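User: Could you take a close look at one part of this model, the disulfide and the strand around it? I would like a connected account rather than a list.

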Amino acid sequence: QVQLVESGGGLVQAGGSLSLSCAASGRTFENYAMGWFRQAPGAERVFVAAISPGGTTTDYAESVKGRFTISRDNAKNTVYLRMNGLKPEDTAVYYCAADRRAYRVGTLPVTLGDFGYWGQGTQVTVSS
C-alpha cells in the first residue's frame, strides 16, 4: 500500500515563500513519477507540477511557472515543492500524488486520472 504524507504548509504573506515535502512509502519510489495538485475552496482539484522518476523532466501549470519548483530526493523517498512569489490565489489545500503506473519515457503524468495515490493534503494560505 502506497502512503504519502505531506508537510510544510502554513500561512504566509503575499510575496513570501514556502516549501512543501511529501514522504512516500510502500513501493519503489524511484520507478514512479510524482506530482502536486491543489484544491481551493469550492473549486476542483487542479494540476500544479509533476516530475519524472529521475527528476530530469518536469512540468508545471501555467499559473505557477517561474515561481514554483518541483524536485525529488530518491534516496529519501521524498518529493518537494518550493513555492516563491506566493499570491493570494495560491491559497489552497496542496496534495502530493503518485503515478499509478511505472514511468514510460515521454509520458509525464499531468491529469488527475494519471495518479493513483494521494496524500491527505496540507493547507497553504497566502494573505494579501
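Analyst: What follows starts at the disulfide and then moves outward along one of the strands that carry it. The model is a predicted one, and its count of disulfides comes to one. This bond joins Cys 22 to Cys 96, with an S to S distance of 2.1 Å, and the angle of -75° about the S-S bond makes the link left-handed. Because Cys 22 belongs to strand 3 (residues 18-25) and Cys 96 to strand 9 (residues 92-99), the pair ties together parts that lie 74 residues apart in sequence. Cys 22 has a relative accessible area of 0% and is therefore buried, and Cys 96, also at 0%, counts as buried as well.

The setting of Cys 22 becomes clearer when strand 3 is followed along its length. In a regular strand the side chains alternate between the two faces of the sheet. Strand 3 shows such an alternation, in that Leu 18, Leu 20, Cys 22 and Ala 24 point to one face and are buried, whereas Ser 19, Ser 21, Ala 23 and Ser 25 point to the other face and are not buried.

Strand 3 also has pairing partners. With strand 1 (residues 3-7) it pairs in the antiparallel sense over five bridges, and among the bridge partners Ala 24 of strand 3 is matched with Leu 4. Strand 3 and strand 8 likewise run antiparallel and are joined by six bridges, with Leu 18 bridged to Met 83 in strand 8. Beyond strand 8 (78-83), the loop that leads to strand 9 contains Glu 89, which at 57% relative accessibility counts as exposed.

Conventions: Residues are numbered from 1 along each chain as its sequence is written. This is a predicted model: local features need pLDDT of at least 70, side-chain atom pairs count only at pLDDT 80 or more; totals for chains, interfaces and linings use all residues. Side-chain values use heavy atoms; hydrogens and water are left out. A disulfide is a pair of cysteine sulfur atoms within 2.5 Å. Helices (H or I, at least four residues) and strands (E, at least two) are DSSP runs, numbered from the N terminus. Buried means under 20% relative accessible area, exposed over 50%, partly exposed in between (1.4 Å probe, protein chains only). Two strands pair if DSSP finds at least two bridges between them.
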